[in-house]
Amino acid sequence: MIKTRKGWALAAGILAVSTTALAAPPSAEMLSNACAGCHGTNGGSAGLTMPSLAGQSKEAIVDAMKKYKSGERKSTIMGRLAKGYSDAQIVAMGEFFSKKKIHATNQTLDPVKVAKGASLQEANCSRCHLEEGREGKDDTPAMASQWLPYLQIQMNQYLTDQRKMPEKMAEKVKPLSKADLDALLHYYASVK
Amino acid sequence: MTLDRRDFLKLMGAGAGVSLAGCATQQTAAVGEAMSKSGGRRVVVVGGGYGGTVAAKYIRMLDSSIEVVLIEPNKQFVSCPFSNLYIGGLLKDLSSLTIGYDKLAANHGIKMVHDTVTAVDPVKKTVTVSTGTIDYDRLVVSPGVDFRAEELEGYNLATTPEIMPHAWKAGPQTLLLRKQLEAMPNGGTVVLTVPVSPFRCPPGPYERTSMIAMYLKEHKPKSKIVVLDANPDIASKPGLFRKGWAKHYASIIDYRKAQKVTAVNEKNRSVFVEGIEEIKGDVVNVIPPQRAGKIAQVAGLIGPDKAWCPVDATTFESKLHKNIHVIGDACIAGAMPKSGYSANSEAKVCATNVVAMMNGKETTELSGINTCFSYISAKEAISVAGVYTVKGGAIIAVPNSGGVSPDLSELEAIYAESWLKNILTEMST
């Protein structure tokens, strides 16, 4: 082993060059792990207003990120972050999180609202929010077990035109009362 | 130092005697066990903060055949992020900022050693603690910051912080600064000094200014806070801080740029700008200039700037010693700021490449994130966010991405709470 100072510097210099030259481009795992500081390890969120990405559909993540990137979907921080990724990188992250198990949350929820939501979801939401909200048709997001405060913030953004509802959703949501909608959110938060 | 810790443990509701005794027993057992296990591959991680916990966890997640020993003197970690909210009175205590290591260690099979590293031998690849020596194949150090006290005439590392707290390492110092503010008379002056960049948490001094001003406005409205900033301007989110201060605290905050404090006087509770102008305060929060934490000095990892540790941008391996990686505030990470989230992100990049190198596999280029919230008032926060990549061997921000909030935001204050919850959960489970 080279022990002189000059030797160390030389060895370190070669090392720096070689690792940089050999390094593979960021993998799906490398890209996605960086998100976990806010969205939880493997995308399982412990923060009540931050969505879990674990088990979310790839299409829903890609759709959300592309809309954040273009500014079509309003955000606080996500738009600024989404602009840092190529479309291919966004797809890679979507794939990574979609392969993780849904993050089951334990929330204190009003059982009356949960029951009411359960009776409403079948007729109103289940064509797109499949499997009791565990999956989604096309780019429809999965909602099962998301934190209630997160779901409430999103619904409020829909109702105040800060987030654009897909047409099919708007048709279903319009006739429902705020109490109905709140019950639905309680229901989806309760699904494990 | 010992007294601080005892006081602190008392305040945290733990019996000091019991805790310290329990600590000593566990240290001996842990080192004995760690040392006796030979033949396998081992990574030693030094420092159980935002960087070290996450590096230890992800190395185990990525390759459970690698033994990981995490060395950290304290049994609990108190987060610097959000500690300004306690100082301002938005948090009743530090419990929501405090995490332990038990769950992390149990969930991932990490061996905890509660001890202080006294020496590192990069040739023999050993780390020395008070109870013995631990071999490593690779060493990850995440030591945070230390103070360049020698640049402040009259500053004594042992006594000055007790009179003029820095509160730049969360815990007893945070409690002390709050206590001093509570004891200050209405009409008193708070002096806050900002060191020259780079330092831990670039927006931190300005968030603290906001939180102290908020407290004064509500409880001591005749009081003022004088900010003496060694930098040519507010070092982070300047437009947003100015806007927030103008909106809420115009008559309370007296911000003075390019005012470098070079000396302090404990007896007068005063600081000297460029050694000449003496400014006294009833509460004086001196944030000293900083360098990489002590273990980085001990291990000879600090570069020619005599402050920070140069590292490879892909692996975070030290440019001075092979097989030693430096992450977090202590390292020079190009465009990535010295923040908790950066340390979290760097830890994962480092863990990925430590595991790759130990398995003779190709390394992976960095993709990093920083997100950092600052509270302006009880209900409004601002943020800065960035995505990072490597170009020509240096960490750069991805062009046309990241940046600061357009305005003060109530939603960002709500999201910031979840930021804290998630990042501390990542570190502790």
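**Notebook: chain B, its confidence, Ser79(B) and the contact with chain A**

I began with confidence: chain B has a mean pLDDT of 93, and 91% of its residues reach 70 or more. The model is a predicted one, so I looked for the weak part of the chain before going further. Over residues 1-29 of chain B the pLDDT stays under 50. For that stretch the model has 31 contacts beyond four places in sequence, and I noted them without following them up.

**Entry on Ser79(B)**

I looked up where Ser79(B) sits. I found Ser79(B) in the loop of chain B that runs between strand 3 (76-78) and helix 4 (83-88). Is Ser79(B) buried or exposed? Its relative accessible area is 0%, and the cut-off for buried is under 20%, so Ser79(B) counts as buried.

Next I asked what the side chain of Ser79(B) makes a polar contact with. One partner is the side chain of Tyr50(B), at 2.7 Å. The side chain of Ser79(B) also reaches a backbone atom, the oxygen of Pro81(B), at 2.7 Å.

I then listed the contacts of Ser79(B), leaving aside neighbours within four places in sequence. Tyr50(B) appears again in this list, together with Leu97(B), Ala170(B), Leu420(B) and Leu424(B).

**Entry on the contact between chain B and chain A**

I turned to the interface and took its extent. Chain B and chain A bury about 3,900 Å² between them, and 63% of this is on carbon and sulfur atoms. I checked which three residues of chain B supply more of its buried area than any other three. They are Lys322(B), Tyr415(B) and Asn422(B), which supply 15% of the area that chain B buries against chain A. In residues, the contact takes 56 from chain B and 43 from chain A.

How many salt bridges does the rule find across the interface? I got 1. In a salt bridge, the side chain of Arg80(A) meets that of Glu412(B), with 3.7 Å from N to O. For polar contacts across the interface, the rule finds 18 residue pairs, both residues being at pLDDT 80 or more.

I went through the elements of chain B that give two or more residues to the side touching chain A; among them are helix 3 (52-62), helix 11 (340-358), strand 22 (368-375) and helix 12 (410-428). Helix 12 of chain B gives the largest share of that side, 11 residues. Last, I sorted the residues on that side by type and recorded 21 nonpolar, 24 polar and 11 charged.

Conventions
Residues are numbered from 1 along each chain as its sequence is written. Chains are lettered from A and ligands numbered from 1 in the order in which they are written. Side-chain values use heavy atoms; hydrogens and water are left out. Helices (H or I, at least four residues) and strands (E, at least two) are DSSP runs, numbered from the N terminus. Buried means under 20% relative accessible area, exposed over 50%, partly exposed in between (1.4 Å probe, protein chains only). A polar contact is a pair of N or O atoms within 3.5 Å; within protein, one must be able to donate a hydrogen and the other to accept it, and residues adjacent in sequence count only if both atoms are side-chain atoms. Contact means heavy atoms within 4.5 Å. Buried area is the accessible area (1.4 Å probe) that two parts lose on being put together, summed over both. A salt bridge is a side-chain nitrogen of Lys or Arg within 4 Å of a carboxyl oxygen of Asp or Glu. Ala, Val, Leu, Ile, Met, Phe, Trp, Tyr, Cys and Pro count as nonpolar, Asp, Glu, Lys and Arg as charged, and the others, Gly among them, as polar. pLDDT is the predictor's confidence in each residue, from 0 to 100.
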